[in-house]
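User: Please take a close look at one part of this model, the nonpolar patch on its surface, and place it in the context of the chain.

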Amino acid sequence: MHLAYPAVLAALLFCTGLYGVLARRNAILVLMSVELMLNAVNLNLVAFDVWLRDTLHAGQALTLFTIAIAAAEIGIGLAIVLMVHRNRGTADVDKLRDTAEAPGDADPDDDPDGPPAAAADEKAEATA
């Protein structure tokens with residue numbers, strides 16, 4: 001078996017997954033693209049394991065670990081996406097950026113009208 005065939009297929013799968021992660025806006029499609037990338041890695045691991053004729057089958061063992069990690073990732077990721085979809089009504093990644101703090105938002109401890117938080121704590125300890 002030539003190593004070039006599975007390596008080229010894995011490279012195409014990985015590039016397709018990378019494009020999906022970078023270009024898609026739907027969180028579920030992003031998770032599917034990550035799975036596609038992990039499957040490309042699995043294909044490379046098994047292909048190199050067969051090509052090297054490893055007696056310990058380390059590539060296949062690493063593939064099993066990668067499959068387990070991918071299953072955990074998709075389970076937790078899908079649960080997070082479903083909860084966000086229930087709360088926000090959308091799974092659009094661009095709209096989820098609204099949950100992040102805007103650069104102009106001030107920290108409540110840095111209130112310019114009130115005393116600094118350290119001075120307020122010292123004043124409370126002094127009166128106690």
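Analyst: What follows goes from the chain as a whole to the patch, and then to two buried positions in the helices concerned.

This is a predicted model, in which local features need pLDDT of at least 70 and side-chain atom pairs count only at pLDDT 80 or more, while totals for chains, interfaces and linings use all residues. Residues are numbered from 1 along each chain as its sequence is written, and side-chain values use heavy atoms, with hydrogens and water left out.

The chain has five helices and zero strands, and along the sequence its pattern reads α-α-α-α-α; helices here are DSSP runs of H or I with at least four residues, strands are runs of E with at least two, and both are numbered from the N terminus. Its accessible surface comes to about 9500 Å², with 65% belonging to carbon and sulfur atoms, as given by the Shrake-Rupley method with a 1.4 Å probe, where for residues only the protein chains shown count as cover. Of the 128 residues, 18% are buried, a term that means under 20% relative accessible area, as against over 50% for exposed and partly exposed in between.

On this surface, Ile 28, Leu 29, Met 32, Leu 78 and Leu 82 make a nonpolar patch of about 410 Å². The elements that give two or more residues to the patch are α2 (27-52) and α3 (58-88), and α2 supplies the largest share with three residues; Met 32 is found in helix α2. Patch residues have over 30% relative accessible area and no salt bridge, and nonpolar side chains (Val, Leu, Ile, Met, Phe, Trp, Tyr) are joined within 5 Å, whereas like charges are joined within 9 Å. A salt bridge, in turn, is a side-chain nitrogen of Lys or Arg within 4 Å of a carboxyl oxygen of Asp or Glu.

Helix α2 also holds Ala 27, which counts as buried because its relative accessibility is 12%. Leaving aside residues up to four places away in sequence, Ala 27 touches Val 81, Ala 91 and Val 93, a contact being heavy atoms within 4.5 Å. The C-alpha atoms of Ala 27 and Val 93 are separated by 5.8 Å, although the two residues are 66 apart along the chain.

In helix α3, Thr 66 is likewise buried, with a relative accessible area of 15%. Thr 66 touches Leu 38, Asn 42 and Leu 45, again not counting residues up to four places away in sequence. Across the chain, 58% of the contacts between residues at least 6 apart in sequence join residues at least 24 apart.

How values were computed:
Buried < 20%, exposed > 50% of the residue type's maximum accessible area, 1.4 Å probe, protein only.
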